[in-house]
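Q: I should like a close look at a single part of this structure. Which residues have the most contacts inside the largest nonpolar core? Please also explain the terms that are needed to follow the answer.

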Amino acid sequence: MAGRFAPRPTRTTVRGGHVGVPAGTGVPRQAAGPGRVRTWAPDGPLDLGLVLGPLRRGPGDPTFRAAPDGSVWRASRTPAGPGTLRVSAYGGEVRGEAWGPGAEWLLERLPELLGAADDPSAFAPRHRVVAMARHRRPGLRLTRTGLVLESLIPSVLEQKVTTVEAYRAWRLLVRKFGEPAPGPAPGRMYVMPEPRAWALIPSWEWHRAGVDNKRASTILRAVRLAARLEEAVGMPPEAAQARLEVVPGIGPWTSAETVQRSHGAADAVTVGDLHLPGIIGWALAGDRAADDAVMLELLEPYAGQRHRAARLILLSGRVPPRRAPRMPVGDIGRL
């Protein structure tokens, strides 16, 4: 019963990683077309929408799809090449099906993708709002993709713009310069471009996608160091963040957003965010004017699990009332 009356999705809960995945109506059918298969039994509750939700970059993300049958599809560029993964859950068991050169790589890391390396029992709520959010979301686990650029590039696109602008840029660039997802993936699913393809995108295509020169230049610097950045997967999250931040244009906000997904970093707090300090300050102390320093002080009791605490607060849907209109959506591609 714990997750039965969870709040409906809002802009804030979606940012907390909530993606609505329809409940399966029976034993999931095997997808059409030959593919590799792996089954895995998690050791506790597992909500595919909560675990994989942070990997979706907007409702039109061409690399992510939640299907009506309750399965989740992902298209990824792995070290072995492009791959498509379909994940479905039924009766306490998870079934993964994969296609493409990266199929074996994706299935080998399926448990970690679904939070097997995460330890929810290490978290102890210190506030009522956090405890209630955890009670309502028993299937929350922190994903670990093992892929850096896959999370880094869209995080750079999200720097200092509205999510609508960032999601549009990601969608346009992946569809135009990526490649169709292998296997029987749903229509219009694509694998993101390889590093060299990112590096060869003309300046006017960045402009048409609404990406300014600063963000485009940051991505170009990152893809030139793709191999070194991907090596950060084998480092502790703090060391991985330090390596990412060596690249000009990548700061604490971007590195935290990356390792939260690539490493499943339970303590990586997103600092430098426009809205997060106010949301956490309001939820825990009634302080809508909280800054990063206040946010970190409020999250101190959750040391080691601060990212999980922040996600639960976002998933609670408790936000301060608006005092101004939303930031207007810009489009430099029209200039």
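A: The account below begins with the core and then turns to aromatic pairs and to two loop residues.

The structure is a predicted model, in which local features need pLDDT of at least 70 and side-chain atom pairs count only at pLDDT 80 or more, while totals for chains, interfaces and linings use all residues. Residues are numbered from 1 along each chain as its sequence is written, and side-chain values use heavy atoms, with hydrogens and water left out.

A nonpolar core is a set of buried Ala, Val, Leu, Ile, Met, Phe, Trp, Tyr and Cys residues joined through side-chain atoms within 4.5 Å. Here, buried means under 20% relative accessible area, exposed means over 50%, and partly exposed lies in between (1.4 Å probe, protein chains only). The largest core has 33 residues, and those with the most contacts inside it are Leu 152, Ile 153, Trp 198, Trp 206, Val 211, Ile 219 and Leu 229. At least two residues of this core come from each of α6 (149-157), α7 (163-177), α10 (213-224), α11 (226-230) and α12 (237-244); helices (H or I, at least four residues) and strands (E, at least two) are DSSP runs numbered from the N terminus.

Ile 219 gives a more detailed view. When its neighbours within four places in sequence are set aside, Ile 219 is in contact (heavy atoms within 4.5 Å) with Ile 153, Val 156, Leu 157, Trp 198 and Trp 206. A second, separate core has 22 residues, including Val 269 and Leu 284.

The structure also holds four aromatic pairs. Rings of Phe, Tyr and Trp (its six-membered ring) pair if their centres lie within 6.5 Å; planes under 30 degrees apart count as stacked, over 60 as edge-to-face and the rest as tilted. Trp 73 and Trp 99 form a stacked pair, 5.5 Å centre to centre with 10° between the planes. Since Trp 73 lies in strand β3 (residues 72-78) and Trp 99 in strand β5 (residues 93-99), this pair ties together parts that are 26 residues apart in sequence. Both Trp 73 and Trp 99 are buried.

Trp 198 and Trp 206 are stacked as well, at 6.1 Å centre to centre and 25° between the planes. Trp 198 and Trp 206 are buried, and together with Trp 170 they form one aromatic cluster.

Two loop residues complete the account. Lys 160, in the loop between α6 and α7, has a positive phi near 55°. Lys 160 counts as exposed because its relative accessibility is 77%. Arg 188, in the loop between β6 (179-180) and β7 (190-191), has a positive phi near 65°.
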